[in-house]
Structures are given as C-alpha cells and as structure tokens.
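Please open the model in your viewer and keep the sequence beside it. The tour moves from one selection to the next, and each stop says what to look for.

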Number of protein chains: 2
Amino acid sequence: MDIVQQIRDKGLKATPARQLVYGELTRSHMAFSHAELEALFIDMDRVTLYRILKDFEDAGLVHKVFDTQGSTRFAICHHTCPGKHHAENHVHFNCNDCGKMFCLQAVQTPEINIPGGFKVAGMHTLIYGSCEKCNHQSETNFPVNKTDELIE
Amino acid sequence: MDIVQQIRDKGLKATPARQLVYGELTRSHMAFSHAELEALFIDMDRVTLYRILKDFEDAGLVHKVFDTQGSTRFAICHHTCPGKHHAENHVHFNCNDCGKMFCLQAVQTPEINIPGGFKVAGMHTLIYGSCEKCNHQSETNFPVNKTDELIE
DNA sequence: TAAGTAAATGCAACAATGTTGCGTTTAAGA
DNA sequence: TCTTAAACGCAACATTGTTGCATTTACTTA
Ligand SMILES: [Mn+2]
Ligand SMILES: [Mn+2]
Ligand SMILES: [Zn+2]
Ligand SMILES: [Zn+2]
C-alpha cells in the first residue's frame, strides 16, 4: 500500500508536506527529532511540522519517544502496531556519539517486578551506547590492537 | 552526617537555598520537577534553583531523570551511589494519575540483549502506572466490588 | 472537471523551559 | 574581622512548543 493511501486511511489529507514526513519516517527506522526533520525539509513551516507530527501521532501513524537528553523524537509505527501505545512494546537505542535513535522493533520491553503498592501499566526501555556505524568509525580513527582487515 | 556537611563535602557552599533543596530531596525519595520545587520554595529565584540543581548534579548529590512526559526531574543520590551515572542503576516509577515520580532504589535495571552492532553502555528503565496512594483513592472514589473495610 | 467545504497551512504572537552575563551579596577560611 | 571566590538576583536571551486567525488546498460531489 502506498504512502498516500496510508495517510488517507487514517482520515488525514495526503498533503505534500505530510507525504514528505511520512515517507522519510517510513524509509528509515529511526526516531527523528524535530530539529532533524526541520533540517531535512528546510522550507517546511515549523508549526506545520509540529502539527503534522501531532496529527500522525493521534492517528497512530507515528509514536513519540524521548531520548537520553529528554528531547522529543518521532518514529514510524510498525505495521503490527497495536495502536496508541505502540512505543511501549519495543526497546529504543540512543547512540551517545552521533545522537541518532533507533527503534528496535524486534526487542520487546522486558518483564520486571516492582515492590510496594505500585500498579504497573507499562514501561519505557531506553538503551544507550554507540551504534554500529559509530563503533566502526571509532575503530578506524583509533586503531588499537586490530588486524589489518578489521581496520579496513 | 548532616545536610550542611554533605553539601560542603562536595566543595559547595551550604547556602540557605541549597540546604532547603537538598533537605527536601533527602527527606522524600521522589524525583521532583522544577515546577514542583518552585512551588515549594516560592521566594527562591528561578535561575538560582536551576543553578543549584545543576551544581548538585555535577557534584553527584542528585541525579537527573526524565518522566513519561519528557519533563526533567531531580532526585537525591542514594549513599551507595557510584557517582555520575547513579540514575542508571535503578528503576523509576511515574504515576499517571498524580504525576509523581519515585526512585525505586531497590530495583535494579534489568539485563537485556540486543542484536546488531550496537555497543551497550547503559539503560534507562521507566515504569508507569498508578502509585499506592492513587490506587487507594480510585478505589475510594469508585468502589466496585469491595468489602467495607477495604473502602474505608 | 468545476464548485463547495472542511481540513491544512503560514504567520504572528505567546507560553514554558532553560541559559548567560553581570553587578551585588555572602559563606567560609585566614 | 577581613578577604575573596562562590553564589545570588535580575534582566535579557534562546529553544521548544502552542494558539488564533486569515488564506490556501485536498478531497467530495455534482
Ligand atoms: Mn519506536
Ligand atoms: Mn532515581
Ligand atoms: Zn552513532
Ligand atoms: Zn499517584
């Protein structure tokens, strides 16, 4: 099913701006900050972008998450998305080096028991470290004890 | 050891404002938002409060966490705190009803395996639901199938 | 394919949150 | 008590997000 139809199926008009945003989010499986999207679509109005993301979120097309800096990010909802609380069923990874954030769709949030009278509704799991690309780059920049072919 | 000495031990002056903030954070084991602290200390300058929290964080007296809304919160570091990354070794609970956030010092962040080339440095675990107090209140307000003594 | 309409956009203004610079005050050691 | 680096208070600014309103546009229906 194409992007235009996916947007329309949620009762939203498939405007050019929406197609651009939804297209970008669909192609990569990353969680984008507002700043990142603004940089990608330089002539898109700031407020329009806020509203597009809000509308997408309400429609269940994207989910909102916060990175290790507390900044808001948006990512596409996987097709197996149960709806509004999609973001809560999988783990997110935030790279300390490049700052990018990834949805690890395949990794479910773990089970956890907590004491006291707390009634658990859900959880957010945010893992941080360095992504594959940044791992490689740091190895390339500061080779320590590697064989030649690993340095590349 | 008293509050004044704990602040001084980190190389900070134990000013009245700092004693108030540190005292409050020490007594309760909650993670306070900036707004909550401003409300508690109405005649404390906004900027001073920001700087106190920043200094405490740098000194390892408190740790910064984000709640389910992405809002910044600060909580005391437990005495077994390993230092800068204290916040990462225990789980936090955020009440959906009253909005309060609790440090569950006794609950360690779980182990988790993720695929791909990601290099894990740590994780944040944020559980949400309703706290003990709010559980009770909702039972009191909307009694369904309870015995009398439970409704109280 | 033209017209009608609700939805979406663009712009300005505003609100909330956090930061910086700088002159004044104060905690703590001598 | 004196000295001084640290902390404070205030104003100004930056960033992020929201709201109101006039204009434009995507989609429906004729
Ligand atoms: Mn995600
Ligand atoms: Mn904590
Ligand atoms: Zn990276
Ligand atoms: Zn509560």
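**Stop one: the metal site**

Select the manganese ion (ligand 1), whose protein donors are His63(A) (NE2), His90(A) (NE2), His92(A) (NE2) and Cys103(A) (SG), lying 2.0 to 2.2 Å from it; donors here are N, O and S atoms within 2.8 Å of the metal (3.2 Å for Na, K and Ca), and water is not among the atoms, so sites may look incomplete. His63(A) in strand S2 (residues 62–66) of chain A and His90(A) in strand S4 (residues 90–95) of chain A are 27 residues apart, and this pair links distant parts of the chain; strands are DSSP runs of E with at least two residues, helices runs of H or I with at least four, numbered from the N terminus. Both His63(A) and His90(A) are buried (under 20% relative accessible area, 1.4 Å probe, protein chains only).

This is a predicted model, in which local features need pLDDT of at least 70 and side-chain atom pairs count only at pLDDT 80 or more, while totals for chains, interfaces and linings use all residues. Residues are numbered from 1 along each chain as its sequence is written, chains are lettered from A and ligands numbered from 1 in the order in which they are written, and side-chain values use heavy atoms, with hydrogens and water left out.

**Stop two: DNA strand D**

Next, select DNA strand D and the 20 residues around it, among which Arg8(A), Ala14(A), Thr15(B), Arg18(B) and Arg51(B) come nearest (a residue is near if one of its heavy atoms lies within 4 Å). Sugar and phosphate account for 60% of the atoms of DNA strand D that come within 4 Å of the protein.

Finally, show Arg18(B), where a side-chain N or O atom is 2.5 Å from a phosphate oxygen of DNA strand D, and Thr48(B), where a polar side-chain atom lies 2.9 Å from a phosphate oxygen of the strand.

Conventions: A polar contact is a pair of N or O atoms within 3.5 Å; within protein, one must be able to donate a hydrogen and the other to accept it, and residues adjacent in sequence count only if both atoms are side-chain atoms. Buried means under 20% relative accessible area, exposed over 50%, partly exposed in between (1.4 Å probe, protein chains only).
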